[in-house]
Amino acid sequence: LLDHDWVACAARAFHEEADLRIVTVRDAGVLAAIAPLAMDRTRGRRLVLVGAATLYEPGGWVHASAHDLTRLARAVIALGDPVLLQRVPQDSALNRSLAAGLRGRAVTVSREMPPSLAVDAQGGWDWQCARMSSSALRKLSAATNKAAREVGPVTFSMETPAVPDVDRVLEKLFGLEGSGWKAREGSALAVRPDLRAFFDAYCRRAAARGRLRVSLLHFGDALAAIELSVLAHRRIW
């Protein structure tokens with residue numbers, strides 16, 4: 001979420017170019033730290049992390065060392081505008097640095113958040129089954145058999161789309177997501193032009209790097225579920 005692709009796509013989808021404030025620190029011309037910020041005018045005037053308020057994902061600044069981070073913080077403060085940094089992990093160097101350096105000049109609000117779901121998939125399916133309870137395996141088998149009887153055979157596949165395939169993949173995703181509760185509540189990507197533009201641009205960049213992965217679950221010929229993910233840093237996200 002600190003990669004250039006993610007931030008660049010968020011900047012284009014959610015902010016006006018004139019509102020971007022990309023603060024950098026360089027040593028002898030070499031980039032040492034960067035704060036991807038944008039001016040938010042919805043409640044007065046304040047600087048925010050690019051894309052944080054819309055994507056609601058963890059974010060932060062990129063820096064080579066603690067010294068560079070301190071220099072970067074000083075440069076941001078020197079801009080003279082209030083700064084709101086949302087979704088910064090509590091144990092990050094950015095949070096620790098700002099909390100220590102801005103005593104009396106800033107407010108830090110820390111909230112306990114549930115951890116992200118993580119699945120250790122390195123052992124393959126048989127290894128995974130051996131770690132599951134007999135009850136969970138029975139329920140999985142029963143659900144699979146019921147779907148096969150009532151709709152059709154249950155099949156799984158994972159694709160690595162190339163850039164020309166992105167439109168086809170996203171149309172599947174938008175169509176399936178738009179057929180359920182997300183469309184009724186107005187949160188589906190098909191009814192959010194800004195989010196749709198972000199994922200369209202980001203998926204193209206991910207596909208160009210060979211990172212994009214699309215997992216499909218079919219019941220017979222019917223697409224039942226689709227998962228959009230990227231393979232990066234030895235993880236599927």
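**Chatting through the model, starting at E177**

User: Let's start with E177: buried or exposed?

Analyst: E177 counts as buried, because its relative accessibility is 18% and the cut-off for buried is under 20%. Keep in mind that we are looking at a predicted model.

User: Thanks! Where does E177 lie?

Analyst: E177 lies in helix α7, which covers residues 166-177.

User: And what does E177 touch, leaving out residues up to four places away in sequence?

Analyst: With those left out, E177 touches K182, A183, A188, L189 and A190. With K182 there is also a salt bridge between the two side chains, at 3.2 Å from N to O.

User: How accessible is K182 in that pair?

Analyst: K182 has 30% relative accessibility and counts as partly exposed. So this salt bridge joins a partly exposed lysine to a buried glutamate.

User: Which residues are joined into one network by salt bridges that share partners?

Analyst: That network is made of D5, R205 and R209.

User: How many salt bridges does the count come to?

Analyst: The count comes to 14 salt bridges. As general background, side chains of opposite charge can pair when their charged atoms come close.

User: Okay, give me one that links distant parts of the chain. Which pair does that?

Analyst: Take R45 and D81, whose side chains meet in a salt bridge at 2.8 Å, N to O. These partners are 36 residues apart: R45 is in the loop between β2 (30-40) and β3 (46-49), while D81 is in the loop between α3 (66-77) and β5 (83-84).

User: Nice, loop to loop. Is D81 buried or exposed?

Analyst: D81 is buried, with a relative accessible area of 18%. R45, at 40% relative accessibility, counts as partly exposed.

User: What about E159, which side chain does it meet in a salt bridge?

Analyst: The E159 side chain meets that of R168, at 3.6 Å from N to O. R168 is partly exposed, with a relative accessible area of 37%, and E159 counts as partly exposed too, at 23%.

User: Let me zoom out on charge. How many positive and negative charges are there, and how far apart are their mean positions?

Analyst: The protein has 32 positive and 25 negative charges, and their mean positions are 5 Å apart.

User: Now the overall build. How many helices and strands?

Analyst: The secondary structure comes to 9 helices and 9 strands. The C-alpha atoms fill a box of roughly 65 × 35 × 35 Å along the principal axes.

User: And what share of the residues is buried?

Analyst: Of the 237 residues, 30% count as buried. The protein exposes about 15300 Å², with carbon and sulfur atoms supplying 54% of that area.

User: Speaking of surface, which residues make the nonpolar patch?

Analyst: M158, L231 and I236 make a nonpolar surface patch of about 280 Å². M158 sits in strand β6, residues 154-159, and M158 is partly exposed at 48% relative accessible area.

User: Why can M158 take part in a patch at that accessibility?

Analyst: Patch residues need over 30% relative accessible area, and M158 clears that because its value is 48%.

User: Changing topic, how do the contacts split along the chain? What share joins residues at least 24 apart?

Analyst: Among contacts between residues at least 6 apart in sequence, 59% join residues at least 24 apart. L2 offers an example of residues from separate parts of the chain: the C-alpha atoms of L2 and G59, 57 residues apart along the chain, are separated by 6.6 Å.

User: Where does L2 lie, then?

Analyst: L2 lies in the segment before α1 (4-14). Not counting residues up to four places away in sequence, L2 touches G59, G60, W61 and V62. Even with those contacts, L2 is partly exposed, at 43% relative accessible area.

User: Last one, backbone oddities. Which residues have a positive phi although they are not glycine?

Analyst: Y56 is one, with a phi of about 55°, and R234 is another, at about 60°. Y56 lies in the loop between α2 (52-55) and β4 (62-63), and R234 is found in the loop between β8 (222-232) and β9 (235-236).

User: Is R234 buried or exposed?

Analyst: R234 counts as exposed, at 79% relative accessibility.

Definitions and conventions:
Residues numbered from 1 in each chain as written. Predicted model: local features only at pLDDT ≥ 70, side-chain atom pairs only at ≥ 80, totals over all residues. Heavy atoms only, no water. Helix = DSSP H or I, 4+ residues; strand = E, 2+ residues; numbered from the N terminus. Buried < 20%, exposed > 50% of the residue type's maximum accessible area, 1.4 Å probe, protein only. Contact = heavy atoms within 4.5 Å. Areas by Shrake-Rupley, 256 points an atom, 1.4 Å probe, with all protein chains shown as cover. Lys, Arg positive; Asp, Glu negative; His and termini not counted. Charge placed at Lys NZ, Arg CZ, Asp CG, Glu CD. Patch = residues over 30% accessible without salt bridge, like charges linked within 9 Å, V, L, I, M, F, W, Y side chains within 5 Å. Salt bridge = Lys/Arg side-chain N within 4 Å of Asp/Glu carboxyl O.
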